[in-house]
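Morning, everyone. I have one structure to walk through, and I'll keep it short. Please have a look at it first.

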Amino acid sequence: MNFENVSFQYDSQAEPTLYDINLKIKRGEKVLIVGPSGSGKSTLGNLINGLIPHAISGTLTGKVTVAGVDVNHANLFDLSLHVGTVLQDPDTQFVSLTAAEDIAFALENDAVNNVSMKTKVKEWAAKLDLEQQLMQNPQTLSGGQKQRNAMAGVLIDEGEILLFDEPLAALDPAAGEQAMALINELHQQLGMTVVMIEHRIEDVLTQPVDRIIVMSNGRIVADAHPEDILQTTIFKEVGLREPLYIEALKAAQVPLASVKDLSDMAKINSPSLGERLQAWQTHTTVTPDKSNGLPLLTLENINFKYTNGPQIFKNFSLAINQGEMVALVGKNGVGKTTLSQLITGFVSPNAGTIKFNGIDLATLSVKERADKIGYVMQDPNHMISKIMIRDEVALGLELRGIKSAEITRRVDEVLKICGLYAFRNWPISALSFGQKKRVTIASILVLKPQMIILDEPTAGQDWAHYTEMMQFLKHLNATTGVTLIFVTHDMHLMLEYANRTIALGSGGILVDDTPAAILANEQVVAEASLAQTSLYKLAQRFKLDPVNFTEQVIKYEMRGQNE
Ligand SMILES: Nc1ncnc2c1ncn2[C@@H]1O[C@H](COP(=O)(O)OP(=O)(O)OP(=O)(O)O)[C@@H](O)[C@H]1O
Ligand SMILES: Nc1ncnc2c1ncn2[C@@H]1O[C@H](COP(=O)(O)OP(=O)(O)OP(=O)(O)O)[C@@H](O)[C@H]1O
């Protein structure tokens, strides 16, 4: 595909979103597009699949050619035969009543016969671990199951170009690694062209990539082989996170120019690399900080089963203490969102009690619970009901009869904290996914709840906003004592910000311990569908103590952020 002097301006925007894009992606290449939130990555992706200009209007100048076709002159259907897209928000992609029909959708379009269609659907469902969900309504799938389902529906069609907009955000860490391997396999075996937009650079690099394209403010600011990009400081310059193992190498003052295979964790090496890392690592142990308060939330003997669905919890008990920062992790579909919904009252247990500060939550309405326990959903589109940003953030306060001057003050304060003040009078529809997510966090924070459950708070966020958001939540926790539960698949977030990790397994708690201790337990990592970080792998490769090394690097990194 080829972009020649391409600029694009959305009709509702005063300025272009993309400027002067010149980009060639050869047939059979595999590229990763990265860039801060709002830099125009999805917009570029939508030019590849033709959603722009055919479904989303604006002014397009320059020339975009995809699979030999001028996008401006092709229609959306023709382009869809060449380009299979997994969107950032898979919800918008479901059209059928069952997961199986959705996976088969592209094949139906291609008029594939029924028998081979069924075989292929089964085959892809097995590859993406969806066999149990095939007859389920796609809307009731868990976040990660939706993502896998959307992926199956695209991969099954074996189009020549595959476009993934943040494929990892909703996948559990083990599924993320498997998805990257699966995409790589298709790329290798079938020669497909793969374009991936993803914030989690480190996780994408578990498989080889031909080029990394860095975007900033609507322009391409770098385009090179990962080895070359990793030698530079471009990620930091545009506000992106470097892979942690690169940070560790820099911390240990390893000259990157001397390192061979910098982008390949399995091969990376340089003379005396191990010795340097060893010398840097000082031996300190981090004391577990598990119980630093009184029980705030207790669940006792909870049973829960979806009507026509699986039994999720059986005699489940749990206590969360005041002031804790807890990471709730586990395999896609294990019940993390369900647990959050039991606590917030969106669903009710079949048996058992949930108490908050000693009060039985069953005696409170959903709104009364929301004053105490805020819930930030995984998908921002499920939470937003207003058109304008300011109105959305003010809504909860208005419903509670707060005076308008007080509303203005609190909304302004929270918009500033969340980095949204500049957009306060914008319609939400003109925001990127990451920006929308921050609007939903702002609308909960403004209510000042005692506990906040955040379902993947940083999914779709770039590094700068991730850090800003997490540092803010940490500050909030330290200064106000608000208790935080993060439902997350992000192992870094868990290592950096949680003092306790609860890993769910089928039916209940698999393990409840400090994050580093959990990641050190290979059996738990496998059972909870977690994955080792690059630091862990680096330490193992050079025979360092992985738990100790990980904690050292994380501490080093956090010190940098707190300065
Ligand atoms: N449908 C739209 N209508 C108007 N403006 C839009 C629309 N979609 C995106 N924009 C504008 O384009 C900018 C870039 O959005 P885009 O989704 O391309 O960014 P991104 O780099 O993919 O960000 P993120 O990482 O947050 O998903 C946004 O900040 C927004 O101002
Ligand atoms: N309304 C429903 N009817 C039937 N089954 C459901 C319903 N809602 C959820 N499920 C199923 O219950 C299980 C738990 O879903 P839940 O969303 O709690 O998982 P999760 O741990 O949050 O997953 P993820 O990591 O993918 O977000 C999944 O197998 C899901 O398909």
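Leaving aside its neighbours within four places in sequence, which residues is Ala-442 in contact with? This is a predicted model, so keep that in mind throughout. The answer is Val-393, Val-414, Leu-415, Cys-418 and Leu-420.

Why start there? Ala-442 sits in the largest nonpolar core, which has 157 residues. Together with Leu-328, Ala-442 has the most contacts inside that core.

Next, the open sheet. There are four strands, in the order 12-11-14-15. The pairing is antiparallel. Now look at the edges. Strand 12, residues 311–321, and strand 15, residues 359–360, each have a single partner strand, so one side of each has no neighbour in the sheet.

Take strand 11, residues 295–305. Seven bridges join strand 11 to strand 12, and the two run antiparallel. If you want a pair to find on screen, Leu-299 stands opposite Leu-318 in strand 12.

What lies across these strands? Helix 13, residues 336–344, lies across strand 11, strand 12 and strand 14. Strand 14 covers 351–356. The helix runs at about 115° to strand 11.

Last stop, the hairpin. Strand 19 is residues 500–505, and strand 20 is residues 508–513. They pair in the antiparallel sense over five bridges. Leu-504 has Ile-509 in strand 20 as its bridge partner. How many residues lie between the two strands? Two. One to check is Gly-507 in the turn, with a positive phi of about 90°.

That's my tour. Over to you.

Conventions. Residues are numbered from 1 along each chain as its sequence is written. Chains are lettered from A and ligands numbered from 1 in the order in which they are written. This is a predicted model: local features need pLDDT of at least 70, side-chain atom pairs count only at pLDDT 80 or more; totals for chains, interfaces and linings use all residues. A nonpolar core is a set of buried Ala, Val, Leu, Ile, Met, Phe, Trp, Tyr and Cys residues joined through C-beta atoms within 7 Å. A residue is buried if 20 or more other C-beta atoms lie within 10 Å of its own, exposed if 12 or fewer, and partly exposed in between; C-beta atoms are placed from the backbone. Two residues are in contact if their C-beta atoms, placed from the backbone, lie within 7 Å. Two strands pair if DSSP finds at least two bridges between them. Axes are lines fitted to C-alpha atoms, for helices over the stretch in contact, and angles run from 0 to 180 degrees between N-to-C directions.
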